[in-house]
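These are my notebook entries on a single protein chain. I went through its overall make-up, its helices and the contacts made by their side chains.

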Amino acid sequence: MTEHVFHMAIEILQCGDRAALATLITSQGALPRGEQHKMLITSAGTMIGTVGDGHFDVEVWRAAQRVIATRQSHLQRFRLAAASPGKQVRPRDVVEILMEPLPIQGEAIFRALLGLKDTGHRGMLATVLTDHPLYPTGR
């Protein structure tokens with residue numbers, strides 16, 4: 001899933017479009033936790049991938065539209081109880097999703113990560129969250 005999201009991110013950046021990348025950061029409770037969940041939300045509203053196996057992707061889509069418009073990252077908590085009808089959910093069943101705009105120079109980053117995977121290596125995508133005035137916005 002993550003590999004497909006990264007390939008699509010490259011295509012979006014090549015076209016000069018804007019998008020937000022949503023990543024499941026923490027999960028407590030009922031949500032299955034397998035492969036790392038990532039989702040791209042394009043400025044046209046298309047969702048690629050998933051962060052919650054459909055449980056709260058619409059809420060993430062709404063928040064991602066604000067991230068695309070403002071180019072500001074956002075960390076948000078979602079309670080699974082509101083998004084999982086008919087399922088036994090405890091009040092502590094929550095997830096945290098990091099939503100960030102695709103960086104302008106992101107194409108090279110995603111290509112490098114995919115290249116590592118293709119050669120049998122591992123890589124990590126790290127995000128710096130800061131509002132320090134010397135740190136460039138949107139980079």
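**Entry 1. Overall make-up**

I read the order of elements from the N terminus as α-β-β-β-α-β-β-α. That gives 3 helices and 5 strands for the protein. I note at the outset that the model is predicted.

I then looked up burial and surface. The chain has 139 residues, and 37% of them count as buried. The exposed area of the protein comes to about 8200 Å², with carbon and sulfur atoms supplying 54% of it. For contacts between residues at least 6 apart in sequence, I recorded that 59% join residues at least 24 apart.

**Entry 2. Helix α1**

I compared the length of α1 with expectation. With 13 residues at 1.5 Å a residue, α1 should span 18 Å, and its end C-alpha atoms are indeed 18 Å apart.

Which residues of α1 are buried? I listed T2, V5, F6, A9, I10, I12 and L13. They cover an arc of only 165 degrees around the axis, so they sit on the same side of α1. The general rule is that an α-helix has 3.6 residues a turn, so residues three or four places apart point the same way.

I next asked what covers these buried residues of α1. The cover includes β1, β2 (38-42), β3 (47-50) and α3. Just after α1, I noted that G16 has a positive phi of about 80 degrees.

**Entry 3. Helix α3**

I repeated the length check on α3, residues 106-118. Its 13 residues should span 18 Å at 1.5 Å a residue, and the end C-alpha atoms of α3 are 18 Å apart, in agreement.

The buried residues of α3 are G106, F110, L113 and L114. Viewed down the axis of α3, they fall within an arc of 95 degrees, and therefore line one face of the helix. On the face turned away from this buried side, I found the exposed residues A108 and D118.

What covers the buried residues of α3? Among the covering elements are α1 (2-14) and β1 (19-28). I recall that α3 is itself listed in the cover of the buried residues of α1. Just after α3, G120 takes a positive phi of about 80 degrees.

**Entry 4. The aromatic pair**

I searched the whole structure for aromatic pairs and found 1. The ring centres of F6 and F110 are 5.0 Å apart and the ring planes lie at 45 degrees, so I entered the pair as tilted. F6 belongs to helix α1 and F110 to helix α3, and the pair links distant parts of the chain, 104 residues apart.

Are these two residues buried or exposed? F6 counts as buried at 8% relative accessibility. F110 is buried as well, with a relative accessible area of 3%.

**Entry 5. Salt bridges**

How many salt bridges does the whole structure hold? My search returned 3.

I took K117 and E3 to begin with; their side chains meet in a salt bridge at 3.1 Å, N to O. K117 lies in helix α3 and E3 in helix α1, so the pair ties together parts that are 114 residues apart in sequence. I recorded K117 as partly exposed, with a relative accessible area of 49%. E3 is also partly exposed, with a relative accessible area of 29%.

I then examined R77 and E96, whose side chains meet in a salt bridge at 3.7 Å, N to O. R77 lies in strand β4 (residues 74-79) and E96 in strand β5 (residues 94-101), so this pair ties together parts that are 19 residues apart in sequence. R77 counts as exposed because its relative accessibility is 51%, and the cut-off for exposed is over 50%.

The remaining entry is E107 with R111, whose closest N and O atoms are 3.2 Å apart. Where do these two residues sit with respect to each other? They are 4 residues apart in helix α3, which means that about one helical turn separates E107 from R111. E107 counts as partly exposed at 25% relative accessibility, and R111 counts as partly exposed at 43%.

**Entry 6. Helices α1 and α3 together**

I closed by collecting what I had noted on this helix pair. The tilted ring pair of F6 and F110 links helix α1 with helix α3. The salt bridge of K117 and E3 also has one residue in each of these helices.

Definitions and conventions. Residues numbered from 1 in each chain as written. Predicted model: local features only at pLDDT ≥ 70, side-chain atom pairs only at ≥ 80, totals over all residues. Heavy atoms only, no water. Expected span 1.5 Å × (residues − 1). Buried < 20%, exposed > 50% of the residue type's maximum accessible area, 1.4 Å probe, protein only. Arc of directions from axis to C-beta. Contact = heavy atoms within 4.5 Å. Areas by Shrake-Rupley, 256 points an atom, 1.4 Å probe, with all protein chains shown as cover. Salt bridge = Lys/Arg side-chain N within 4 Å of Asp/Glu carboxyl O. Phe/Tyr/Trp six-rings, centres within 6.5 Å; stacked < 30°, edge-to-face > 60°.
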